[in-house]
Amino acid sequence: MLRLAPWIIVLSLVLPVVGGTLFTVPPAFGYLPVLGGDDWSFRPWLELAATPGILRSVAVSFSSGLLATGLALIIVFLFLSTIANTRFDRWIQRLVSPLLSIPHAAAAFGFAFLVAPSGLLLRWLSPSLTGFERPPDWLLLNDPFGMSLISGLVVKEIPFLLLVSLAGLPQLNAGQRVMLARSLGYLPRVAWFKTVAPALYPLIRLPVYAVLAFATSTVDVAMILGPNLPSTLSVQVVHWFNDPDLSRRFLASAGALLQLLVTASTLSVWWGLEKLIGTGFNAWVAGGNRQRFDGTLWLAGRGLMLIATLLPVLGLFALALNSVAGFWRFPDAWPGSITLSHWLQALPDLARPFWMTMVIATAASVLAVAMVLAALEHEQRRNRPATRALWLLYLPLLVPQVGFLSGITVLSQMAGQAPALWVVVWAHLLFVLPYVYLTLVEPYRRFDFRWIILGRSLGLSVNQAFWRIRLPMMLRPVLTAMALGVAISVSLYLPTQMLGGGRIVTVTTEAVALSSGGDRRLIGVWAMVQAITPFIGFLLALLIPRLLWKERRGMQAL
Amino acid sequence: MERTSGHAGPLAEAGCLQLQDVALELHGHHLLHLNETISPGGVLTVMGPSGSGKSTLLAWIAGFMSPSFHATGRAILDGEDITGRPAEKTGVGLLFQDPLLFPHLSVAGNVRFGARGGKDDVAERVENALASVGLAGFGHRDPETLSGGQRARVALVRLILSRPRAILLDEPFSKLDTPLRRELRAVVFEHLRQQNVPAVLVTHDQEDADAAGGIIVTID
């Protein structure tokens, strides 16, 4: 059974992604007998080409993905080059994980509540600095060029890229490299960029690609911050899928395929840029310039990271403020009164989606942790490296969600399967598994194998050694992985929305659905609930070991 | 390899640990070759520099050898061939450099963890065993609150209560400071003699070898 674990993981990831993508193809070419599409044709594609503004949608998806990823990566690298273990650095590093666990939709709402014409920032600056007595007629949000979408994505992806970079840095001996270069006369920031950056990038390449794929195809963030009329390609595709007119499914499938192509071409353009920049970079490194740009790099790294960290924190604050605001006239910095009535009104509606969110998140992350533990335990017992196929873990993160989810929807409808909870849980599992694996793999391999040897010499079988030694001693990382799984699941919008067919409703689908209504108070309540939910998991992961091992100091350090 | 003292026992002696024609290789590179019989209460001391394969010898006897090594020969314990048995079925107990007390269990929990032979009086046996190494009343303590010497004693008691039929010691005193090392050496060898089972000691400390007082094999 354990022997099968790695393959069960690979299959449960690969089958839906590849199968889902394949099943997008026939309807994209007019073939879907259930909906009366009996002949193959190019009609969906012609229809797609005739959609007003389709080129603009594609262009925004393409460029926002590239720009958001590029900017986030640049800011992260600039900041890393200035890291010197100051209080500011430690503060940023401590904030990384909490910021990462804020769901995309909640972060996007928070960002919107900050930078909107009537948002918190302009209120704080008005009228004293701006002179505005009423919200300016500026298109700050949902601008046609996707600027607000890009900014929101940059802010949201920085913590992720920073976290994977911080995880990769220790194996590079960054400190030594910089020290060596400085002893050769390089200024510290220049030294970092010339000696550490080129070695760090290959380590975080896959996560960068995942960010890129996400940024080109995100639906929830684009619905909240992206342009309208036309919206981004992925948002259009979802609208077509949800159209009561079922014949739109053909158009939607063609759109989903187009989205796959857009993401694939963004990835290849990025790959090309990598080569190009790499060459230029090497020339710069080889050029031997030691002194220029150092101050600029320092200022940019610190300043941009400060802004990128403050924005989501302030965003959450804006959400919270809106959720309890009574009457709040425009230039006023603070609401005239504070009220709990929005919360009290929303509570009855919140209960069911909240429990559904928890059920799906718990099921997906418990399953993911069990599967990952089985695979890792198998690897340990066989005493040889994991199967190479595990790189496929990244597959669900590299293929746009609309691309394969639409195929799965089509498939389950063809099979006459009504929207079912297990399908949604499985879809969540696809996105939870990779992160759970990545968090558990290091602690698992680092675990001192002598503990197991000792246990077995005291008469424990391999299985007993797992349950009585390995699992209790690894409880903390296991619970952390589970909490991360919950956070990922809570943030997922599209899998629930598409596969739940409107019958399975979570806090996230409800919150995103509210975005079109524009009731700030209500959005504030729902987005706050969505943002807080992941923290429940992390809190439990922190508290359970602490209570359980209250008298065991050795377990506090592990 | 040279052999400095001791005697080879007769074949298949009751309670003996026999290492018959044991040879270890790493990637085709010959590490050691042994042919010894250790009688109950006796200690075989294996000395040699690190990387000589002496710890691997213990891993092989106990059933944990890393697959990158290759071993031939047989290990016979009390007349039974234990070569290649699953580790929990060899009846061989281990003492490491570090005491390795399970951090999630109390002192008593650690000792009870491996205790064999009936559940009824286990609490009493645990308490008595702790008392026998001067740790009476320490049962409820967190292992983390013990001193290095106390931890080493708990590890010893845990090993003894698991009633091993042979005991392997992998440089068990090397991480202790000199006075503590002397004291603990006395306690450990006294307990080993009481148990009356064969033991293999791996060390690079001549004083360990002298205290053990059995056959000494030196690998170069």
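## Sheet in chain B

Two strands count as paired when DSSP finds at least two bridges between them. The model discussed here is predicted. In chain B, four strands make an open sheet in the order β3-β2-β5-β6, and the pairing is antiparallel. The edges are β3 and β6 (80-81) of chain B, each of which pairs on one side only.

Strand β2 of chain B covers residues 17-26, and β3 of chain B covers residues 29-38. These two strands run antiparallel and share eight bridges. On its pairing with β5 (residues 69-77) of chain B, β2(B) also has eight bridges, again in the antiparallel sense.

## Hairpin and bridge partners

β2(B) and β3(B) form a hairpin, with two residues between the strands. B:His27 sits in the turn and has a positive phi of about 50°.

Which residues does B:Glu25 face in β3(B) and β5(B)? In β3(B), B:Glu25 stands opposite B:His30. In β5(B), the bridge partner of B:Glu25 is B:His70. Further along, B:Leu19 has B:Ala75 as its bridge partner in β5(B).

## Nonpolar cores

B:Leu19 turns up again in the packing. The largest nonpolar core holds 210 residues, and B:Leu19 and A:Phe77 are the ones with the most contacts inside it. Another core lies apart from this one. That second core has 35 residues, including B:Leu146, B:Leu156, B:Leu159 and B:Ala199.

What does A:Phe77 touch beyond its neighbours within four places in sequence? The contacts are A:Ser165, A:Trp192, A:Phe193, A:Ala197, A:Leu200, A:Tyr201 and A:Ile204.

## Surface patch on chain A

Chain A also carries a nonpolar patch on the surface. The patch is formed by A:Val18, A:Leu22, A:Phe23, A:Val34, A:Leu35, A:Leu246, A:Leu411 and A:Met414. Together these residues have about 660 Å² of accessible area. Two elements of chain A, α1 (5-22) and α19 (401-414), give two or more residues each to the patch.

A:Val18 lies in helix α1 of chain A. Is A:Val18 buried, partly exposed or exposed, and why? The relative accessible area of A:Val18 is 39%. Buried means under 20% and exposed means over 50%, with partly exposed in between. A:Val18 is therefore partly exposed.

Notes:
Residues numbered from 1 in each chain as written. Chains lettered and ligands numbered in written order. Predicted model: local features only at pLDDT ≥ 70, side-chain atom pairs only at ≥ 80, totals over all residues. Heavy atoms only, no water. Patch = residues over 30% accessible without salt bridge, like charges linked within 9 Å, V, L, I, M, F, W, Y side chains within 5 Å. Areas by Shrake-Rupley, 256 points an atom, 1.4 Å probe, with all protein chains shown as cover. Salt bridge = Lys/Arg side-chain N within 4 Å of Asp/Glu carboxyl O. Buried < 20%, exposed > 50% of the residue type's maximum accessible area, 1.4 Å probe, protein only. Core = buried A, V, L, I, M, F, W, Y, C linked by side-chain atoms within 4.5 Å. Contact = heavy atoms within 4.5 Å.
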